[in-house]
Amino acid sequence: MKANQQDLSKSGIPIEYRDYCAHLLLSLNKCRGETFYLPWKCENERHAYEKCQYDDYKRRMRELKEKADEE
């Protein structure tokens with residue numbers, strides 16, 4: 001995790017969103033706040049956050065599969 005707990009709590013990020021990609025969520029929420037949540041303004045930040053979430057999901061599923069194969 002690249003963001004620390006103090007930054008996340010100060011930014012109001014709920015605990016369930018404090019995962020591996022939380023540092024990208026900080027920048028996405030900052031962009032959203034600055035642009036009044038206009039969906040076309042923060043496309044790069046949103047795409048980076050969603051890609052990070054997807055890659056993290058794939059990594060966790062690969063680890064689970066490897067663990068299941070060992071048993």
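At 57% relative accessibility, Tyr 37 counts as exposed, and in this predicted model Tyr 37 sits in the loop between helix 2 and helix 3. Phe 36 is found in the loop between these two helices as well. Neither residue is a glycine, yet phi is positive for Phe 36 and for Tyr 37, as the table sets out.

| Residue | Phi | Relative accessible area |
|---|---|---|
| Phe 36 | about 60° | 71% |
| Tyr 37 | near 60° | 57% |

On either side of this loop are the two helices themselves. Helix 2 (residues 22-34) packs against helix 3 (residues 43-70) at an angle of about 155°, and their axes are 9 Å apart. Because angles over 145 degrees count as roughly antiparallel, helix 2 is described as roughly antiparallel to helix 3. The crossing of helix 2 past helix 3 is left-handed. To the contact, helix 2 brings Leu 24, Leu 25, Ser 27, Leu 28, Cys 31 and Arg 32, while helix 3 brings Glu 45, Arg 46, Ala 48, Tyr 49 and Cys 52. Sorted by class, the residues of this contact are 7 nonpolar, 1 polar and 3 charged.

One residue of helix 2 can be followed further: apart from its neighbours within four places in sequence, Leu 28 is in contact with Cys 42, Glu 45, Arg 46 and Tyr 49. Leu 28 also belongs to the largest nonpolar core, which has 11 residues in all, including Ala 3, Leu 8, Ile 13, Cys 42 and Tyr 49. Helix 2 and helix 3 are the elements that give two or more residues to this core, and helix 2 gives the most, with 4 residues.

Conventions. Residues are numbered from 1 along each chain as its sequence is written. This is a predicted model: local features need pLDDT of at least 70, side-chain atom pairs count only at pLDDT 80 or more; totals for chains, interfaces and linings use all residues. Side-chain values use heavy atoms; hydrogens and water are left out. Axes are lines fitted to C-alpha atoms, for helices over the stretch in contact, and angles run from 0 to 180 degrees between N-to-C directions. Angles under 35 degrees count as roughly parallel, over 145 as roughly antiparallel, 65 to 115 as roughly perpendicular and the rest as oblique. A crossing is left-handed if the near helix is turned anticlockwise from the far one by less than a right angle, and right-handed if clockwise. Contact means heavy atoms within 4.5 Å. Ala, Val, Leu, Ile, Met, Phe, Trp, Tyr, Cys and Pro count as nonpolar, Asp, Glu, Lys and Arg as charged, and the others, Gly among them, as polar. A nonpolar core is a set of buried Ala, Val, Leu, Ile, Met, Phe, Trp, Tyr and Cys residues joined through side-chain atoms within 4.5 Å. Buried means under 20% relative accessible area, exposed over 50%, partly exposed in between (1.4 Å probe, protein chains only).
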